Amino acid sequence: MQILYAFFQTEDADLRTSEKQLLRSVERMYELYLSFLLTFEEVQGFAQQRIEDRQNKVRATKEDLSPNLRFVNNPIIQHFKLNNDLKRASEELKIDWTGVVENDLMKKLFLKIIESDIYLEYMALESTDFETDKKFVVDLFKSEIANFELLHDYYEDQSIFWLDDIDLMCSMVVKSIKLVTEESDEKDQILRLHKDKADEIDFILELLRKTGKYDEENSKLIDELTQNWELDRIAKMDIILLKMAITELKVLSSIPKKVTLNEYIEISKFYSTPKSQVFINGILDKAIELLEERGELKKTGRGLIN
């Protein structure tokens, strides 16, 4: 959607350039996932350093000499710190937090964490078990890491697409945490971005190419379906979503029409006007009816007719 929005707004835009941008933006999503996972090791490192610094004080207190090690020894954090698959993937994509700016950001994140209620309550527990340790990491990530505004600012500077990818990548991180068991070791694999990479890449490229190819045809259909509307008064994002949805209905025969309808209504809730979902729902309902009358909507495969 974002790539097509830029494509349609740019004079003499090149679809092949848009394809490259699309594929790059998708691949970079995995970098975001990895960088989130690496935050655990970083904040754990600051916690360990803080303990060592206090133990080396000239007048170290009893608390300094016998610190609470619950956070630095958390088995979930240790798992990601030692995970070979995470290390390999991060090295291949050159993802780390070792730069001056990045290191300062992780220090600020650490200071925010140790002042949080989630951290203080966890450290104050008399004892914990593996599930308690895991729940703490999930809650800590959701509350303090995933929502850290300075981290969002950093990601926005790295990629114009990443702020839109954060929710999905955070859900992958939470799933990764929940998959860790007491039997997990450093050989366990982290999640992959694709279930079927070839199939998913084919899907997004076909949707991009065909939406561009059938732009004039789709515009005429939208004009026909919105006779009581002036196209220049309809939100540009709504037009693009309608073009994508109509292309998906006509060209991608393996996707049920109800799935297409629901997906584009959901997308409009986040990216267009408050009234867009009602508008898009109504226009797509009419589009499905008209395309079926003309024999242009053909769905194949078991359970895909409706």
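The exercises below work through salt bridges, the nonpolar core and the pockets of a predicted model.

The model is predicted, and local features need pLDDT of at least 70, side-chain atom pairs count only at pLDDT 80 or more, and totals for chains, interfaces and linings use all residues. Residues are numbered from 1 along each chain as its sequence is written, and side-chain values use heavy atoms, with hydrogens and water left out.

**Exercise 1. Place Lys250 in the model and state which residues it contacts beyond its neighbours within four places in sequence.**

Step one is the secondary structure: Lys250 belongs to helix α13, residues 236-251, where helices are DSSP runs of H or I with at least four residues, numbered from the N terminus. Step two is accessibility: Lys250 counts as buried because its relative accessible area is 19%, given that buried means under 20%, exposed over 50% and partly exposed in between, with a 1.4 Å probe and protein chains only. Step three is the contact list, in which contact means heavy atoms within 4.5 Å: with neighbours within four places set aside, Lys250 touches Glu217, Asn218, Leu291 and Glu296.

**Exercise 2. Find which salt bridges Lys250 forms, and say which parts of the chain they link.**

The criterion comes before the pairs: a salt bridge is a side-chain nitrogen of Lys or Arg within 4 Å of a carboxyl oxygen of Asp or Glu. Glu217 meets this rule with Lys250, the closest N and O atoms being 2.4 Å apart. Since Glu217 lies in helix α12 and Lys250 in helix α13, the pair ties together parts that are 33 residues apart in sequence. Glu217 itself is partly exposed, with a relative accessible area of 40%.

The other partner is Glu296, whose closest N and O atoms with Lys250 are 3.9 Å apart. This pair links distant parts of the chain, with Lys250 in helix α13 and Glu296 in the segment after α15 (276-293), 46 residues apart. Glu296 is partly exposed at 32% relative accessible area.

**Exercise 3. Set out how many salt bridges the rule gives, and describe the pair Asp215 and Lys243.**

The count by this rule is 18 salt bridges. In the pair of Asp215 with Lys243, the closest N and O atoms are 2.6 Å apart. Asp215 is in helix α12 (residues 215-225) and Lys243 is in helix α13, so the pair joins parts that are 28 residues apart in sequence. Lys243 is buried, at a relative accessible area of 9%. Elsewhere, Asp85, Arg88, Glu92 and Arg192 are linked in a network of salt bridges.

**Exercise 4. Describe the largest nonpolar core and the surroundings of Phe40.**

A nonpolar core is a set of buried Ala, Val, Leu, Ile, Met, Phe, Trp, Tyr and Cys residues joined through side-chain atoms within 4.5 Å. The largest one has 90 residues, and those with the most contacts inside it are Tyr33, Phe36, Phe40, Phe71 and Phe141. Helix α2 supplies the largest share of this core, 15 residues. Not counting residues up to four places away in sequence, Phe40 touches Ile77, Phe80, Val137, Phe141, Ile145, Val173 and Ile177.

As a contrast in topic, Glu41 is found in helix α2 (residues 15-55), and Glu41 counts as partly exposed because its relative accessibility is 30%.

**Exercise 5. Characterise the largest pocket and the second largest pocket by volume and lining.**

The search uses a 1 Å grid over the protein atoms alone, where a 1.4 Å probe fits; a pocket is an open set of points with protein on both sides within 12 Å along at least five of seven lines, and lining residues have an atom within 4 Å of a point. The largest pocket holds about 1700 Å³ of space. Of its 42 lining residues, the closest to its centre are Val26, Met29, Asp165, Leu168 and Ile204. Helix α10 gives the most to this lining, with 10 residues.

The second largest pocket holds about 290 Å³. Of the 13 residues that line it, Arg50, Arg54, Pro67, Asn68 and Tyr119 are the closest to its centre. Helix α2 gives the most to this second lining, with four residues, while α2, α3 (62-65) and α7 (117-124) each supply at least two.

How values were computed: Grid points are joined across faces, edges and corners, and a volume is the space filled by probe spheres set on the points.
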